[in-house]
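Could you walk me through how to read the sheet and the core of a protein model? I would like to take the features one at a time.

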Amino acid sequence: MSRLGALLASLALGLLSGSAHADAPTARPDAPHASKKKKRNKVAAFSGNLANPGELRSEPPPKPSGTVVLTAVNFKERVEVHLYQEDGSFDPEALDTLNHLFRCRRTGTEKAIDPRLFEMLSRIYDRFGRPLELVSGFRNQERVTSFHFHGSASDIRIPGVSERALHKFVTSLDAGGMGIGLYPRAGFVHVDVRPEASYRWTDYSPPGRSDSFARGTFVGKKKRARRPASNS
Ligand SMILES: [Zn+2]
């Protein structure tokens, strides 16, 4: 192949991988064994469904300690806060600290995050006793259907804890009104609180790909229509 031919071919590949599914694994020129993986991944890059009501908790989850130890991987910032004041109400300073940590990576803007999400993070911290890592919090993005945009979602992981173990525990907290997504390849769990029915999904997008979608880089009409409104 001539140099021009090779250039055109790589351009075409780039266009293909960008336009098909921004968050689904497609053949990428830089991915080793891309052609082998392609077939398997096409089967179920994403699958989601409403949570079975029978799997939800019948009672609200226990009150958390209020302690949250969280590192924002995008900013390399770590905070340790206690959510509650002595009378049991939320400590505004702690909320401010977390809101700042949750700020949009792309635009730097902050949003008041739903404190119930922070309580979920505290329950997770109570359970595993290890600092949590925030992969993504508030996202000031075009895709306004995302709970990241509404300030009630986080993508998290815990070094030393598998995402499946984390996912299992988070699922056990849901008494209704949570969105929980497992990202086995990207290595994190999406957790949100929402005013609507609980939703579950698994997304096999490789690291960075689901995120590039979520940043609003690829908000195609086709993509929007295919993907449920309530994910990632
Ligand atoms: Zn997410």
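What follows is a short dialogue on a predicted model.

Q: Glad to start with the sheet. In what order do its strands lie, and is it open or closed?
A: Reading a sheet begins with which strand pairs with which, and pairing rests on at least two bridges between two strands. Here the eight strands form an open sheet in the order β1-β8-β6-β7-β5-β4-β2-β3, and the pairing is mixed. Its edges are β1 and β3, each of which pairs on one side only. On average, neighbouring strands are turned by 25 degrees against each other, direction ignored.

Q: How do I read the edge at β1, and how many of its residues are buried?
A: A residue counts as buried if 20 or more other C-beta atoms lie within 10 Å of its own. Strand β1, residues 46–50, is hardly covered: of its five residues, the buried count is zero. Its pairing is with β8, residues 199–203; the two run antiparallel and are joined by five bridges. One pair to look for is Ser47 with its bridge partner Thr202 in β8.

Q: And the other edge: which strand does β3 pair with, and what lies between them?
A: Strand β3, residues 77–82, runs antiparallel to β2, residues 67–72, and six bridges join the two. Two places help you to line them up: Thr71 has Arg78 as its bridge partner in β3, and Leu70 stands opposite Val79. Helix α3, residues 92–101, packs on the sheet here, touching β2, β3 and β4, and its direction makes about 155 degrees with that of β3. As for the hairpin of β2 and β3, four residues lie between the strands, and Lys76 takes a positive phi near 55 degrees.

Q: Now the interior. Which residues have the most contacts inside the largest nonpolar core?
A: A core of this kind is a set of buried nonpolar residues joined through C-beta atoms within 7 Å. The largest one has 32 residues, and Leu121, Leu132 and Val189 have the most contacts inside it. Elements giving two or more residues include β2, α3, β4, α5, β6 and β7, while α4 gives the most, with six.

Q: What does Leu132 touch?
A: Leaving out residues up to four places away in sequence, Leu132 touches Val69, Leu70, Leu121, Ile124, Tyr125, Ile156 and Ile158. You have met Leu70 already, opposite Val79 in β3, and Leu121 as another residue with the most contacts inside the core.

Technical notes
Residues are numbered from 1 along each chain as its sequence is written. This is a predicted model: local features need pLDDT of at least 70, side-chain atom pairs count only at pLDDT 80 or more; totals for chains, interfaces and linings use all residues. A residue is buried if 20 or more other C-beta atoms lie within 10 Å of its own, exposed if 12 or fewer, and partly exposed in between; C-beta atoms are placed from the backbone. Axes are lines fitted to C-alpha atoms, for helices over the stretch in contact, and angles run from 0 to 180 degrees between N-to-C directions. Two residues are in contact if their C-beta atoms, placed from the backbone, lie within 7 Å.
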